[in-house]
Every structure is written in C-alpha cells, then in structure tokens.
Amino acid sequence: MNKLLYIAHTEADGTISDNSLEALAAAVKIKQDLKLSLSVGVIGSGAVEAANSISNCGADDFYTVSGAAFTVSRYATDAAAVEAMVKKTEPDIVLGFGTVRFMRSVPGAAFRCGGRIDTHISGISTEDELLVKRWYYRQRMEATLKREQRPWFLLLDKGVFEPFQGEKAEENADGLDIEVSDDMQDTAVSGLEMPEGGSQTIKPDAELLFVAGAGWTKKQADGQPDLKEAENIILQTLERSKASLGSSKSLVDLNAEGEQVLKFMSHLNQVGQTGATPRHDKGLATCCHGEEPHVVGWRFIKERRAVNTDANCGWAQGKTDVLYIADAFAVMRKLNELLAT
Amino acid sequence: MSQGYDIVVCGSLVPDPLQTLEPVKSDKGPALKNEMMLPAVLDPWAAHSLYEAAHLAGRHEGSRVFLVSLGPKAKLQQLMMAVAQKVSFRLVVVDGSASGFTDSSETANALADAIEGISDLQKERLLLFGGNASASRDASTTMQMLGERLGIKNMFLGVDFLEVNENGFTVKERAAGGQYLVSKFKQLPAVLAWATGSLPEPPNNPQLGMQNMRMIMPALQQARSAAVDAEGLTFTDVAIPSQLRDTRIVKDAPVDEIAKELADWIRG
C-alpha cells in the first residue's frame, strides 16, 4: 500500500467545506503515519482555486475536474469525475467526506473501479496498518475493520478530525478532461428548495439540538391539546437558542398521517431509526419517550438534558445527563423569556 | 409518460428496532446473538419505497411492482405474512444472508442477478426503488452499486418525492441543512433510493394479504441461493458502546429554577 487519493468537491461559493477539510486532515495523518504518497482531486466550479487553497497539505499532485457539467450535484457526472481521478492516480485508498453529493456518487465510482467502499467512518487508526471504525445496526454497535481489496474507498462522518488549515502554497493543479455524453446529463438539476412550511429548522452546525416529542400534541391541563401554543413555543425556542430542530418518529408520523400538528415539522426533522443521527455539542429533548430519540438519535450528542413528566422513563434515565420532571410547556415558556434577555 | 412502469423494489428484513441487539462471533465473522430467532421487520426505508411504488403503480395503468428480497428464506416467509397485507406486489426471493456485516458490493451483485432473472422485465420502463440505507449495514451504497451493475445513469439518494408528468420525472432528494435538491430526468431506467417519502404506512388488508400469499409461496419455493458474504473484510472488533450515563433527576423543582438552569447551560 503506497498511494492515497483525497477527493473533495467545491460548494456553491467555490470553496471546500469545513467537513471536507476534516477528511483532508485524516488524509494527511494517514499519509504521514503510513508513509504514503498523497494525491488530491477536487471537483466542481472553482476547483482549481479550491485545490490551490489547500496546496500546503503536502500532496504530491493535484487534479481538478471542472466545467459546467460538473458544477451541479448529479450522479452520472460526479461518478465519472471520481472514476477519472482514480484511474489517473491508481490509489490504494480513496478518502473523502460523506457529503450528500459523494454519498450518492462515490459508491458507484467504487464499483466501476473494482474497489470496495465503507461509509460513515467514525474513527481511523494508523498504528501498524489502516483500520477504520463505523457503526452497524443504526448506531447500536461499533466495529473496527480492515480490507484487503484495493482501491478502498472511505467516506468520513463529521467530527472525526479537526478541519485542515489550508493555505495557498503553489499553483500546480492539473485539469482532467472528461467526455460528457448526453445520457450523463439526462438528470437536470433545478436547485435547492426549502420543504413545505418554509422554516429553516435544521441547522447541522448549531451547538444545540432541540428535540420535540409527541407529548407536545397531547392534552394539557384543561383537557385539550394546544397545538398553536406548542408551535409558538417551539419556534420561539429555535429562534432564541439558535438550535436545530429534531423530532421523534411518532410526532412526524402524525403529520404524515394527515394530522397537521406542527406545520414546520416533517420527516426531515426526525432523529432515530429512519431519521438522522446528528452531531451537536448539546441536546435538549422535550416530551420524548422511547429508544429512538434517546439512544439512536442521540448517539453523537455530547451533553444531554431532557424535560418530561415521567420520572420513571427508562429511556431517558441513563441516557441523559439531567432529567427534569416538569411540564415542558411551562418550562420552555419561561426559558424563552430568559433567552430573550 | 402514460405507459405503465416496472417498479422493482429492493428490500429485505432487519431486526425489529425495539429488539436489543448483541454482537457475537461466528465462523464467518461477526453476527447477532440469536439472529434467526429475532423478530424481523421489512427494512424501514425500503418499506417506504415499497409504499411509494405501490402508490405510483396505482396511478399508472399497466404498472407492475416487484419486491426483490435477499434474506434467509424461512425468515422472509414469516415477514411476508405481514408485508403482504400492505400493498400488492410480486415477490422475487434470493435466499442468502441479510446480515449487516456482509459487503454491499456482494449484496448488489446478488440483487442484480435476481433482477436480471426476471424474464419479462422491461428496462426502458424500469424504476428501481430501494431504501436510502438499510437499518443493518446503514451504508447507503448498495443501490448505487446495483445501478452500476445494471448500467443505470440516473440515480438519486434520499428521495422524498417523485412526480411524473408528460415532461418526465421530478425528484426531490434530501440535501444538507434540511433542504431538498430538485432534479428532473426523462429517460428510464432510473434508481431512486428513498428516505421516508411522503406516504403513511398503509393499513393491514387481510384480503390483499391472502391474494399476495398465493404468489408469494411459489416465489419462496423458487428462491435461488446466493453466497453473500464479506470477502476480504476483516472485523477486528465489534462491540456495543458503553452508553449508561449517571442521570441527575430534578423533581419538584420550580419551573423558574429549571428554566434558569437550562438557560445557563444553553448559554454555556
């Protein structure tokens, strides 16, 4: 094993994201510890400038794929770009960050190149050989593994390394020309769109994850559910704490079944089994019960607190650092007042 | 786009999410303790794609829905008793391992062989559906490899919406930050790996279940075996993480006090 290829794509502003720079930090560590040669490949609009911006990483060579066809996030063109870089550099290891764009396209490129791929990499060890960690069965067990097949493609998850501090050292990126056929461009990308409801409630970079459970839709002291008040409180909390909003499955399922409980809530907010496993420094769960929000959805939340009315909630006990037994409506109303000052 | 579609859904069984799972060592590498005895469900994201497939087929006359399942035949038979009551489909069974510790390229090849073996499948009207990721391996890689094996160029991951009209297909995929990436395409075949979609789980329909089971039992009997493993992959360790925290329970505290403590914590 002697060659490593780091791959990244540019964002809309032509830069490489901090997440992808985390993967570059991993690549630099593997290069140094296992004494490999390093190549860098950057795809997308502004790829040359982006490659130059990380030219202090110690790579032996830099390759770029750019042009109108590679500006957008599309399977066929992205897979072709990665394939071309792999064929050019013939690496043993291909490493990148698991962005939406790469999660879609790199597995196909790995298959074309006769390689194997592992995604959601949560740890890397380089003591004697390359070992990686990833979770199985939706974050219920963690495995350490290695592979014989090459090239071995690895897509990292967030938070494994600190982002590489890139600087422009020299300009020596080689552009790769890729023939783009009509059928590769049958998919026409229209652009990004907010889900119905319009509120930007999911913020991957937020410090706090605020998880709302189905308890927000239950009957209150007066015997009636107060959905409007629940909406107001939750939206106010999000605004004042700058939190990202998560939800239990039971709450978003109510929406999917036609019961419009919280207008801004959708399956995109769901954490747990069929939802996301987000990474935030802090997590506050309110009115949640069950394994999904507290175990699976919270796997990568560092500090955890919960507010619910059941002191014996077996899922919260042992999973959260502090469990407040109280009416979440009252607590969050007061909390919002305090956060406003 | 008025002709019907051949919608092939790839989906298999996973342990019921409410089960406690424990890894054990086996001759072939890691496995789950009492794996064959664990209650199973249809993989959640694949289940969403099956419901979307049935819904789409219902709106386009002449469409057919196939469910291609790779898993232990005996367990699939049990699972189908429940799945058959949800929507109408033809079952294609590949008898092999559904373990999360198998390799996705081997799974993709086994599924591709099974799909290519469907005698009257029309590729020019093929929509290949599956889950965004399995609840076992959770890698989000199998559908793209399967698409590659079948020579498909239009592929989408994390799909929540598919709209069909006279100009082609419009897809919404989950993108970063809670947004959707909207794309359009015209040519089939295409791969759509679904997230949760936008449909609720259909209610059980015992009559439909009985109709489906008449076709499902022969499909199970005709299942071909596939040796799906994880060649070249070595697991040096598989463990359940220590997850017990020393929870401080705050009971009978005034709301103002709790709110202040939370505010201080959030401001950090």
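Good morning. I begin with a sheet: it is open, has 6 strands paired in parallel, and follows the order S12(A)-S11(A)-S13(A)-S14(A)-S15(A)-S15(B). Please keep in mind that the model is predicted. Which strands form the edges of this sheet? They are strand S12 (244–247) of chain A and strand S15 (248–251) of chain B, each of which pairs on one side only. On average, and with direction ignored, neighbouring strands here are turned by 20° against each other.

Within this sheet, let us look at one pair. Strand S13 (residues 280–286) of chain A and strand S14 (residues 301–308) of chain A run parallel and are joined by 6 bridges. For example, A:Thr286 has A:Val307 in S14(A) as its bridge partner. A helix also packs on the sheet: H8 (residues 328–340) of chain A touches S13, S14 and strand S15 (322–325) of chain A. The direction of H8 makes about 120° with that of S14(A).

I turn now to antiparallel pairing. Strand S6 (residues 131–136) of chain A runs antiparallel to strand S7 (residues 141–147) of chain A, with 5 bridges between them. One of the bridge partners in S7(A) is A:Met141, which faces A:Tyr136. S6(A) and S7(A) form a hairpin with 4 residues between the strands, and in this hairpin A:Tyr137 takes a positive phi near 50°.

S7(A) also pairs with a strand of the other chain: 6 bridges join S7(A) to strand S14 (residues 233–239) of chain B, again antiparallel. There, the bridge partner of A:Thr144 is B:Asp237. Another antiparallel pair across the chains consists of strand S10 (residues 188–193) of chain A and strand S11 (residues 179–185) of chain B, with 5 bridges. In that pair, A:Gly191 is matched with B:Val182.

How many residues does each chain bring to the contact? Chain A gives 74 residues and chain B gives 72 residues. The side of chain A that touches chain B has 37 nonpolar, 18 polar and 19 charged residues.

Finally, a pair of helices. Two packed helices are described by the angle between their axes and the distance between the axes. The axes of helix H3 (residues 75–89) of chain A and helix H4 (residues 100–112) of chain A cross at roughly 50° and come within 8 Å. H3(A) is therefore oblique to H4(A). The crossing is right-handed. Among the residues making this contact are A:Val82 and A:Val86 of H3(A) and A:Val106 and A:Ala109 of H4(A). By class, the contact has 6 nonpolar, 2 polar and 5 charged residues. Thank you for your attention.

Conventions. Residues numbered from 1 in each chain as written. Chains lettered and ligands numbered in written order. Predicted model: local features only at pLDDT ≥ 70, side-chain atom pairs only at ≥ 80, totals over all residues. Contact = placed C-beta atoms within 7 Å. Nonpolar A, V, L, I, M, F, W, Y, C, P; charged D, E, K, R; others polar. Pairing = 2+ DSSP bridges. Helix = DSSP H or I, 4+ residues; strand = E, 2+ residues; numbered from the N terminus. Axes fitted to C-alpha atoms, helices over the stretch in contact; angles between N-to-C directions. Parallel < 35°, antiparallel > 145°, perpendicular 65-115°, else oblique. Left-handed = near helix turned anticlockwise from the far one by under 90°.
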